[in-house]
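User: I'm new to reading protein structures. Could you take one part of this one and walk me through it slowly?

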Amino acid sequence: MKTLKFKLFSHKRNRYLKRTINAAGVIYNHCIALHKRYYRMWGKHLNCNKLQAHIAKLRKRNSFWQLVGSQAVQDICQRIEKAYQLFFKHNKKGVRPPGFKKVKKYKSFTLKQAGYKFLGGNRIKIGSKVYQYWNSREIEGKVKTLAIKRTPLGELFMVVVVDTTPADRSRSTTTLSVDQPEIKSTTGKIAGFDFGLKTFLTCSDGSRIESPQFFKQSLNAIKKASKQHSKKLKGSANRERARKNLVRKYEDIANQRRDWFWKLAHKLTDNFDVLCFETLNLKGMQRLWGRKISDLAFGEFLQILEWIARKKGKQVVYIDRWYPSSKTCSCCGHVLEDLDLSTREWRCPSCQSVNDRDENAAINIQAVGASTVGLGDVRRAVPAFTV
Ligand SMILES: [Zn+2]
């Protein structure tokens, strides 16, 4: 499966798609209201099939709702069902049930097999109208779903999910391993990494990658723009302009960050064959470090890194999040009772070696990662492995 994103040409005609997204939002809210009412009346969860049948009936009598294709309507019901199942499963962990959404902020609708047709070139027919998009890359494989997404700036994107497995399968007959792409040994090196606040990554070889400065600069710009926005009269054209300005600032920082992530991921995969990380515990990090964590977007970085690693035949390994990587001495394996977050350096009571907090953690992560991929216990003494 592959997800491709294309920007649509901005055109007057796009208002039909925006209206469709609005209609999808109205239907979504109606479904949520039905779920809530059903639960109040019967004390039970409204079955997804029942809801779909009911909504399909209502749609027949409502021309506004008919803007949304029947498949997209089913998709809305199924998404709500998924959100409820997630809530039933994890409500103790703080997952909330799906709630109402502002129609203006509603983002997308999704089509499966019907309701659209690629006309060749950069043209696509959705419903009864033809739209053009920036044909930035070839669509290969079978199209599974097509979604139209609206950004907060009011731009429209087309998100295409394609199934690429048939092509892969025919290729796999020639190679031996199917599921596990062979690790290419180009550097013969393995490394462990520890995420941090000021230092973005600490590597087990002692190098550090600092969080770039532009985050801070952009944050100031966001602060300013958001102040401007809140000063403007609600519902005024000035406020809308200020909102767009603010959103653009947010997109700027996200783009800068993503760009930096790609470059960093390329650099790391060029330098190492196996890269070990701790499984992210975002909730726990948030408790320790506060809101800042979302600005750092570790999860997004790991996604990009995994993608590049797969392409280059490198391996990303995650070690258990309960492993005490900071509290274990990387020299002798002694485990401390506890270690305060503010302690940047500590002396091991057993072997007397002085451990830098982050570097020590990175070395431990490397060691555990190495043993999980079957390379044995690779410690500081043996920084490189040979294949
Ligand atoms: Zn020690």
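Analyst: Let's look at helix α2, and then at some aromatic rings elsewhere in the chain.

Keep in mind that this is a predicted model. The mean pLDDT of the chain is 85, and 89% of its residues reach 70 or more.

Helix α2 covers residues 48-60, which makes 13 residues. From its first C-alpha to its last it reaches 19 Å, close to the 18 Å expected at 1.5 Å a residue. Right at the start of α2, Asn-47 does something neat: a side-chain oxygen of Asn-47 comes to within 2.7 Å of the backbone nitrogen of Asn-49.

Now, which residues of α2 are buried? They are Cys-48, Leu-51, Gln-52, Ile-55, Leu-58 and Arg-59. Looking down the axis of α2, you'd see these buried residues fall within an arc of 130 degrees, so they line one face of the helix. There's a general idea that helps here: an α-helix has 3.6 residues a turn, so residues three or four places apart point the same way. What covers the buried residues of α2 includes α1 (14-42) and α3 (70-90). Over on the other side of α2, Asn-49, Lys-57 and Lys-60 are exposed.

On to the rings. The count comes to 20 aromatic pairs in this model. One of them is Phe-193 with Phe-277: their ring centres are 5.2 Å apart and their planes sit at 20 degrees, under the 30 degrees that counts as stacked, so this pair is stacked. The pair links distant parts of the chain, with Phe-193 in strand β8 (residues 190-195) and Phe-277 in strand β11 (residues 274-278), 84 residues apart. Phe-193 is buried, with a relative accessible area of 1%, and Phe-277 is buried too, at 0%.

Phe-195 and Phe-200 make an edge-to-face pair, 5.7 Å centre to centre with 75 degrees between the planes. Both Phe-195 and Phe-200 are buried. These four rings belong to one aromatic cluster, whose members also include Trp-260, Phe-261 and Tyr-318.

One last caution, about two stretches of the chain. pLDDT stays under 50 over residues 167-180, where the model has three contacts beyond four places in sequence. It also stays under 50 over residues 377-387, although the model has 23 such contacts there. Where pLDDT is low, the predicted coordinates should not be read in detail.

How values were computed:
Residues numbered from 1 in each chain as written. Predicted model: local features only at pLDDT ≥ 70, side-chain atom pairs only at ≥ 80, totals over all residues. Heavy atoms only, no water. Helix = DSSP H or I, 4+ residues; strand = E, 2+ residues; numbered from the N terminus. Expected span 1.5 Å × (residues − 1). Buried < 20%, exposed > 50% of the residue type's maximum accessible area, 1.4 Å probe, protein only. Arc of directions from axis to C-beta. Contact = heavy atoms within 4.5 Å. Polar contact = N/O pair within 3.5 Å; in protein donor to acceptor, adjacent residues only side chain to side chain. pLDDT = per-residue confidence, 0-100. Phe/Tyr/Trp six-rings, centres within 6.5 Å; stacked < 30°, edge-to-face > 60°.
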